[in-house]
Structures are given as C-alpha cells and as structure tokens.
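Colleague: Could you take me through the ligand site and the aromatic pairs of this model, giving the cut-offs as you go?

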Amino acid sequence: MADLNTRYLGLNLKNPLVVASSGLTDSVKKIVELENHGAAAVVLKSLFEEQILMEADYRVRKAEEHGELFVDYSETFDYMDVHIKQEELGNYLELISEAKRSVRIPVIASINCRSSLEWVDFAKKIEKAGADALELNIFVMPFGMNTTCDSNEKAYYQILSKVKAAVKLPIAVKISPFFSNLAKVIKGLEEHKADGVVLFNRFTSPDIDIYHMKSTVADVLSTPVEMATTLRWVAMMAKRVNMDLAATTGIHSGEAVVKQLLAGATAVQLASVLYKKGPAEIGHILSFVSQWMQDKGMETIHQFRGKLSQAKSTNPEVYERLQFMKYFGDYK
Ligand SMILES: Cc1cc2nc3c(=O)[nH]c(=O)nc-3n(C[C@H](O)[C@H](O)[C@H](O)COP(=O)(O)O)c2cc1C
C-alpha cells in the first residue's frame, strides 16, 4: 500500500486532501462525514466581517417590520452589531471546539479579513478554542487609482505580522493571483513568517445577462480548466520558498491531485468537486492517487513531490511565457 502521509503547517496529515473553506465544513455533522470519507483535514468556512454586518442590518430591518421603533437608530445599530458579532463569533468558536471533540483530523479555522485591526483578538480565541491552524483569507481589491502595489501588499504583511504576534498557531495565507509580482508577494509572506500559502482563492466572478440587461454572477463552482493558474504558480514557487504550498481551484480528480503534488504542492484543497459529486469522491480520488503511486513504484509522497516543479523540471520553460509564445507561433 502506498503511504499517503504528509505534513502541512506542521500538522501530520494522513493524506494530502484537505476540504477547502466553504459551506462543506460549516457543521460538525458535515465535518464528521468528511473525515469518514477520508479527508485529512478541514478548513472551516471563513468568518466574514461583511456577513456579520449584513446580518446585523437584516435584524434591524426585521425588528422595524415588527413595529419595534428605535429612538436612536444609530445607537441601536451599534448595540445590535456588537451583540450579533458576539453571537456569530460564539457559534464559530463552538464549531471549532465541538469539531475538535468529534474528529481526529486537524481543524483549520479561517478568517476573511481586509484590515489588521478587526480580528487579531479573535485569533486568540480561535487558538483557545482548539483550532490546529488558522487560514487568513485576505483580499484587498487592487483597484485604487492612486494606491501603489507596495501599499496594497503591505496590508497583507501587516495582517499576517499582527496575527503571528498574537498567536502561536501555524498560519496559512490564502491569496488571489491578482498581484503585479506574485513571486515577490509569496516570498514576502515567507519573510513575514507565514507557515504556508494557499494558491489561489477563487472569487465569484461577474457576468452580464444580455437578455435581461443586468449584471449577474458567474458559476459559484469551478471547472477543471481553472486549475492551470494554480499549477503554474505551485510549480514556479515550489523549492523556492521554505513554506508549505496548498493548491486550490479547479482540482476535481485524482489526476489533478497527482499533478499538483508533482508540481510541489504540500496539500491540495477541494471544494467544487465535493459540491458536485458529494464527499464520497474523496475516497475515489485517494484510490486513484494510491494506485498511481503503486504503478509508478512510489512508496511515499516525499519521493515525487515537486519532481516537476520549475526548479526540478527538465522542461522548466513550460511554466513561463516562452512556451506560450512558441505555442502560438506554431498555431497556424
Ligand atoms: C460555496 C463556496 C463557499 C466558499 N466559501 C469560502 C470561504 O468562506 N472562505 C474561503 O477562503 N474560501 C471559500 N470558498 C473558496 C474555496 O475554499 C476554494 O478555494 C475555491 O472554491 C476553489 O476551489 P474549488 O475549485 O475546489 O472549488 C468557497 C467556495 C465555494 C464554492
């Protein structure tokens, strides 16, 4: 039998398959089921600042509908905001501690943040609740016409540094590919002591409905063709930074998992494929990886991880633009 054990963020994983932060991990029941199907770890659904504020707003409107008139709206909103935040946060901490009591696999908490101020104290509570690690899902929209790349990137480092100073938990930073120099940013995260980086978050994309003339959102779930950007960057950064690389987006099959490991991923995060096919797909993917390893005479993941990273590949230019130009040059 192939040995699928690996280490991610200093944690022992029985295999490289981690269930990505999403609604798939928002209850203990679902987490237990994922463990039963072979998941090696779960990342809890992110706690979103906006989500909490939106709910506060919703409850204020609901209260108004029921004729509860507030003398001072702004003060009430402040009060409810704080109150609801506490409730949301309390539920999240409860989810962490109950999940820890119910499963043996690591439970990684996740915070969606844009500023370093809001969440730092909460990270301490996450640690106290028993989470094994914390994923910081950071996205600062790089859109300011007058802001520089440096100031945008600095926000990421500041958040990371403040959280690192507050907790001992291993920290992974989940980022998007939207940077002008990704390699420098990933290196910068390493310099600011990230234990791992998750490449890449996938956002709901905008779309336009030309028949109803309105803006909409594109599919919430990914397709396998979306994996290429992740594969490229995992391959380019593996062996060049001294931290774990978790691959996410568009990984839908055992073949895709093997490709990411060959590129140099330490762990592979899955969401869309499990939404589409259910948690039993984890077992199918693991069987494929295991069989592939046996066919190739590989006993451990360590033997082939990063073998086709850019640093190790005999065809390194495949990950860069050169190959892209050749491809179009030959395409008549
Ligand atoms: C319904 C849904 C909810 C998600 N919620 C979160 C979230 O709360 N935090 C986060 O970091 N990523 C979230 N994601 C992104 C996933 O963690 C994952 O990175 C992304 O879907 C790409 O992986 P996939 O191609 O396997 O779906 C969500 C994805 C989906 C489909």
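Colleague: How far is a nitrogen atom of the ligand from an N or O atom in the side chain of serine 46?

Modeller: This is a predicted model, in which local features need pLDDT of at least 70 and side-chain atom pairs count only at pLDDT 80 or more, while totals for chains, interfaces and linings use all residues. Residues are numbered from 1 along each chain as its sequence is written, and side-chain values use heavy atoms, with hydrogens and water left out. A polar contact is a pair of N or O atoms within 3.5 Å (within protein, one must be able to donate a hydrogen and the other to accept it, and residues adjacent in sequence count only if both atoms are side-chain atoms). For serine 46 and the ligand nitrogen, the distance is 2.6 Å.

Colleague: How much of the accessible area that the ligand has on its own does the protein cover?

Modeller: Oxygen atoms of the ligand also have polar side-chain atoms beside them, with asparagine 137 at 2.8 Å and threonine 248 at 2.9 Å. Of the 600 Å² that the ligand has on its own (Shrake-Rupley method, 1.4 Å probe), the protein covers 91%.

Colleague: Which class does the pair of tyrosine 92 and phenylalanine 122 fall into?

Modeller: Rings of Phe, Tyr and Trp (its six-membered ring) pair if their centres lie within 6.5 Å, and planes under 30 degrees apart count as stacked, over 60 as edge-to-face and the rest as tilted. By this rule the count comes to five aromatic pairs. With centres 6.4 Å apart and planes at 45°, the pair of tyrosine 92 and phenylalanine 122 is therefore tilted.

Colleague: Is phenylalanine 122 buried or exposed?

Modeller: The ring pair links tyrosine 92 in helix α3 (residues 73-102) with phenylalanine 122 in helix α4 (residues 120-129), 30 residues apart; helices are DSSP runs of H or I with at least four residues, numbered from the N terminus. Buried means under 20% relative accessible area, exposed over 50% and partly exposed in between (1.4 Å probe, protein chains only). Because its relative accessibility is 5%, phenylalanine 122 counts as buried.

Colleague: Which class describes tryptophan 292 and phenylalanine 304?

Modeller: Tryptophan 292 is in helix α10 (residues 281-295), whereas phenylalanine 304 is in the loop between α10 and α11 (321-330), 12 residues apart, and both are buried. Since their ring centres are 5.0 Å apart and their planes stand at 65°, the pair is edge-to-face.

Conventions
Helices (H or I, at least four residues) and strands (E, at least two) are DSSP runs, numbered from the N terminus.
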